[in-house]
Amino acid sequence: MKITLDNVVKTFDTFRAVHGVSLEIESGELLALLGPSGSGKTTILRMVAGLEFPDSGRILFGDVDATDIPVRERGVGFVFQHYALFPHMTVAENIAFGMKVSKVRRSRAEIDARVNQLLQLVKLPGLGNRFPSQISGGQRQRVALARALAVDPKVLLLDEPFGALDANVRRDLRRWLREIHQELGITTIFVTHDQEEALDLADRVVILDQGKIAQMGTPRDVCRNPNSAFVTRFLGDANRFSGVSSNGRVTVAGVEVATAAIPDGPAEMYVRPTDLIWSREGQGVPVRITRVLDRADGRRILAETEDGTHIEIDADVDLDVEAGQRGFVQVKRANVYGAGA
Ligand SMILES: Nc1ncnc2c1ncn2[C@@H]1O[C@H](COP(=O)(O)OP(=O)(O)OP(=O)(O)O)[C@@H](O)[C@H]1O
């Protein structure tokens, strides 16, 4: 089912939470809405669900205007971080709940068979008789997904479904969700403020800033060509250098970069820690190391340039450096924006 948002606006009292968002989600696509807290992700999802109604604009399901169709008739399944399972019902009863209250009548045997099939799908066979308090947080979210899938939704809406879980469980569930999505092919919108989660999971990512779309594209598009300083910073750590653009070139921290699209005037250059190369001797911007952080996948060098700019450089886990040493950094790749972009 294709979903179209056409210039959707939503205001709460006097506060405009969503400013004319237009967006097409292709049938079978897994789209992530990504943005900082308060950027309007949940409000957009709730409007697609039919839990909120836009002040203006339209939401289409296929070719049908669904803007005013109530939630029960939209055929959406949702899983929210805080949309808990019913604690007094077993896992199987939780999954069966939607089928029992649905207008579509199903026999007891049909419901049992569907529950078992869904328990297999979410890889929890044999746990149907447990209560939610008797399974782990990750298992509970899988049951919540099975419950959402039970009524054969045309659209699946997931709002930070793994938000409360620890990092390793989140990573496993991401991979698992991707597999389920591939198997079922249901159009899915996934809300998260975690950029890694969005980039790992989604076919396309929509980055929101204060109720507006800042950028949308495939994970590769947005990572390779972030269109603003906001998107660059939001997608990951970045060093920021100030400089001045003149005649299509900008010189920052001793480095000259071609910036055809930037007008003359103040400019900002952003460089990821992995795009700075450290060397003990040689060329580049002179720096002094202030600290070195050790991580499982490499070392993070914290350093200062001669004008006191703080920078971070990623280095190999085996690199032998320590605080107090002097050296040089070279820029491998940078994004440059005019001031205020
Ligand atoms: N029912 C409401 N009444 C008043 N303001 C609201 C309501 N719901 C949301 N807002 C406001 O609208 C803005 C967008 O909220 P929304 O929950 O959509 O953001 P979000 O990007 O999902 O944030 P988070 O990641 O923190 O959940 C926020 O400033 C929020 O305070």
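A residue counts as buried here if 20 or more other C-beta atoms lie within 10 Å of its own. Keep that cut-off in mind for helix α4. Its buried residues are Gln141, Arg142, Val143, Ala144, Leu145, Ala146, Arg147, Ala148 and Leu149. Several elements cover them, including β6 (76–80), α2 (91–101), α3 (108–121), β7 (155–159) and α5 (167–184). The helix also passes a check on its length. It has 13 residues, 137–149, and at 1.5 Å a residue it should span 18 Å; the C-alpha atoms at its ends are 19 Å apart, which agrees.

Now step back to the whole chain. The model is predicted. Mean pLDDT for the protein chain is 91, and 98% of the residues reach 70 or more. For the complex, the predictor gives an ipTM of 0.95 and a pTM of 0.90. Where pLDDT is low, predicted coordinates should not be read in detail.

The protein chain holds eight helices and 20 strands. Along the principal axes, its C-alpha atoms fill a box of roughly 75 × 45 × 35 Å. The chain has 341 residues, and 35% of them count as buried. Take the contacts between residues at least 6 apart in sequence: 63% of these join residues at least 24 apart.

Start the tour at the N-terminal strands. Strand β1 (residues 3–12) pairs with β2 in the antiparallel sense, over seven bridges. One place to look is Thr4, which stands opposite Glu24 in β2. Two residues lie between the strands of this hairpin, and Asp13 takes a positive phi near 50° there.

Next comes the ligand. Which residues surround the ligand? They are Phe12, Phe15, Ala17, Gly35, Ser37, Gly38, Ser39, Gly40, Lys41, Thr42, Thr43 and His193. Two elements, β2 (15–25) and α1 (41–49), each give two or more residues to this shell. The largest share, three residues, comes from α1. By character, the shell divides into three nonpolar residues, eight polar and one charged.

Follow helix α1 onward to Leu45, which has its place in that helix. Is Leu45 buried or exposed? Leu45 is buried, because 22 other C-beta atoms lie within 10 Å. Leave aside its neighbours within four places in sequence, and Leu45 is in contact with Leu33, Leu157, Asp159, Ile189 and Val191. Arg291 lies elsewhere: Leu45 and Arg291 are 246 residues apart in sequence and 43 Å apart in space, C-alpha to C-alpha.

One of those contacts, Leu157, sits in strand β7. Leu157 is buried, since it has 26 other C-beta atoms within 10 Å. Its contacts, again without neighbours within four places, are Leu45, Val48, Ala49, Val76, Phe78 and Ile189. Ala49 shows how the chain folds back. Leu157 and Ala49 are 108 residues apart in sequence, yet their C-alpha atoms are 7.4 Å apart in space.

Compare a residue in another helix. Ile111 is found in α3. Ile111 is partly exposed, because it has 16 other C-beta atoms within 10 Å. Beyond residues up to four places away in sequence, Ile111 touches Ala96, Met99, Lys100 and Arg106. Ile111 and Met99 are 12 residues apart in sequence and 7.1 Å apart in space, C-alpha to C-alpha.

Finish at strand β11, residues 239–246. In a regular strand the side chains alternate between the two faces of the sheet. Strand β11 shows that alternation. Asn239, Phe241, Gly243 and Ser245 point to one face and are buried. Arg240, Ser242, Val244 and Ser246 point to the other face and are not buried.

Two partners pair with β11. With strand β14 (residues 265–271), β11 pairs in the antiparallel sense over seven bridges. Arg240 has Tyr270 as its bridge partner in β14. Strand β12 (residues 249–252) also runs antiparallel to β11, joined by three bridges. Here Val244 stands opposite Thr251. The hairpin of β11 and β12 has two residues between the strands, and in this hairpin Asn247 takes a positive phi near 50°.

Technical notes:
Residues numbered from 1 in each chain as written. Predicted model: local features only at pLDDT ≥ 70, side-chain atom pairs only at ≥ 80, totals over all residues. pLDDT = per-residue confidence, 0-100. Helix = DSSP H or I, 4+ residues; strand = E, 2+ residues; numbered from the N terminus. Expected span 1.5 Å × (residues − 1). Buried ≥ 20, exposed ≤ 12 C-beta atoms within 10 Å, placed from the backbone. Contact = placed C-beta atoms within 7 Å. Near = placed C-beta within 6 Å. Nonpolar A, V, L, I, M, F, W, Y, C, P; charged D, E, K, R; others polar. Pairing = 2+ DSSP bridges.
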